[in-house]
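I opened this entry to look up helix packing, buried positions and a few loop residues. The notes follow the order in which I went through them.

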Amino acid sequence: MTKKQLANLAVEALKKEYPEAICSLEYSEPLQLLIATRLSAQCTDARVNQVTPALFARFPTLEAFTKAKVEEIEELIHSCGLYKTKARDILALCQKLAEEYGGVIPDTVEELTKLPGVGRKTANLVVGDVYHKPAVVTDTHCIRIAGRLGLTKSKVPLQVEKDLRAVLPPEESNDFCHRLVLHGRAVCQARTAHCEVCNMNHFCKTGIAEQKAKNN
């Protein structure tokens, strides 16, 4: 079986298991997604969703963020961890958006990663969810499950992204990554893969190995 065939099997299996491929971060407009994703670094989405309502109520627009004091942002995002760095990045990226991009969030990974604190993971999420372009969000769930499936041998985010872009149907890539997050939380967890209840265990490299080990 080729990796493209393997990827197609995984896409279809996850579609059946998780029909709604939704982002777990809550937002109502693109800037909010960009900021929420920055906050999610080394922090759970659930925690971010607890913090952002007050943050976005205090700063409802890009202009409001550009006029904020970094200490105000720090206070509101304190529980997200790394709050000083994140607050500086949020203020700086909002100012750069206003000054250099006319307040419009870029629609390419290359331009988005020019913004302070925005890496490829954040940029891909925005490109995929906001602009509906092919995107591969290599978070921890994506890297872990792609490796277990046999779609990549790397744990380096950029290499995993390249490996997945090479085998995934472009129109499926963004939703596929959302489904990997859901599957990673429910079944293919970091400590245990739970292959016995996974609907991909008949073609997944790890699932097949688990079954062989039980039969020996």
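**Entry 1. Asn174 and its contacts.** I started with Asn174 and left aside its neighbours within four places in sequence; the residues in contact with Asn174 are then Asn124, Gly128, Asp129, Ala135 and Val137. I note here that the model is a predicted one. Asn174 belongs to helix α11. Is Asn174 buried or exposed? Its relative accessible area is 10%. Buried means under 20%, so I logged Asn174 as buried.

**Entry 2. Asn124, from the other side.** Asn124 was on the list for Asn174, so I looked it up next. I found Asn124 in helix α8, which covers residues 120-131. The relative accessibility of Asn124 is 0%, and Asn124 therefore counts as buried. Which residues does Asn124 touch, if those up to four places away in sequence are not counted? I wrote down Val109, Ala135, Val136, Val137, Glu161, Arg165 and Asn174. Ala135 and Val137 appear in the list for Asn124 and also in the list for Asn174.

**Entry 3. Helix α11 as a whole.** I then turned to the helix that holds Asn174. α11 runs over residues 173-186. It has 14 residues, and from its first C-alpha to its last it reaches 20 Å. That is close to the 20 Å expected at 1.5 Å a residue. How many residues of α11 are buried? I recorded 10 of the 14, so α11 is largely enclosed by the rest of the structure. The buried ones are Ser173, Asn174, Phe176, Cys177, His178, Arg179, Leu180, Val181, His183 and Gly184. I also checked what these buried residues pack against, and the partners are α1, α8 and α9, the last of these being residues 140-149.

**Entry 4. α1 against α11.** Two packed helices are described by the angle between their axes and the distance between the axes. I looked up both for α1, residues 3-17, and α11: the axes come within 10 Å and cross at roughly 60 degrees. The two helices are therefore oblique to each other. The crossing in which α1 passes α11 is left-handed. On the α1 side I listed Ala10, Val11, Leu14 and Lys15, which meet Phe176, Arg179, Leu180 and His183 of α11. By type, the residues of this contact comprise five nonpolar, one polar and two charged. Phe176, Arg179, Leu180 and His183 are also among the buried residues of α11.

**Entry 5. α3 against α5.** I looked up a second helix pair in the same way. α3 and helix α5, residues 70-77, pack with their axes 9 Å apart, at an angle of about 155 degrees. How do α3 and α5 lie, roughly parallel or roughly antiparallel? Angles over 145 degrees count as roughly antiparallel, and α3 and α5 are therefore put in that class. Their crossing is right-handed. α3 contributes Val51, Ala54, Leu55 and Arg58 to the contact, and α5 contributes Glu72, Ile73, Leu76 and Ile77. I noted six nonpolar residues, no polar ones and two charged ones in this contact.

**Entry 6. Pro53 and Thr61.** Pro53 is a residue of α3. At 48% relative accessibility, I entered Pro53 as partly exposed. From Pro53 to Tyr18 there are 35 residues in sequence, and the C-alpha to C-alpha distance is 27 Å. Thr61 sits in the loop between α3 and α4, the latter being residues 62-66. Thr61 is partly exposed, at a relative accessible area of 39%. I paired Thr61 with Leu31, 30 residues away along the chain, and their C-alpha atoms are separated by 8.4 Å.

**Entry 7. Two positive phi values.** Which loop holds Gln42? I placed Gln42 between α2, residues 30-39, and α3, residues 45-58. Gln42 is not a glycine, yet its phi is positive, at about 55 degrees. Its relative accessible area is 75%, so I noted Gln42 as exposed. His194 is likewise not a glycine and has a positive phi of about 50 degrees. I located His194 in the loop between α11 and α12, where α12 is residues 205-215. With a relative accessible area of 27%, His194 is partly exposed.

Notes: Residues are numbered from 1 along each chain as its sequence is written. This is a predicted model: local features need pLDDT of at least 70, side-chain atom pairs count only at pLDDT 80 or more; totals for chains, interfaces and linings use all residues. Side-chain values use heavy atoms; hydrogens and water are left out. Axes are lines fitted to C-alpha atoms, for helices over the stretch in contact, and angles run from 0 to 180 degrees between N-to-C directions. Helices (H or I, at least four residues) and strands (E, at least two) are DSSP runs, numbered from the N terminus. Angles under 35 degrees count as roughly parallel, over 145 as roughly antiparallel, 65 to 115 as roughly perpendicular and the rest as oblique. A crossing is left-handed if the near helix is turned anticlockwise from the far one by less than a right angle, and right-handed if clockwise. Contact means heavy atoms within 4.5 Å. Ala, Val, Leu, Ile, Met, Phe, Trp, Tyr, Cys and Pro count as nonpolar, Asp, Glu, Lys and Arg as charged, and the others, Gly among them, as polar. The expected span of a helix is 1.5 Å times one less than its number of residues. Buried means under 20% relative accessible area, exposed over 50%, partly exposed in between (1.4 Å probe, protein chains only).
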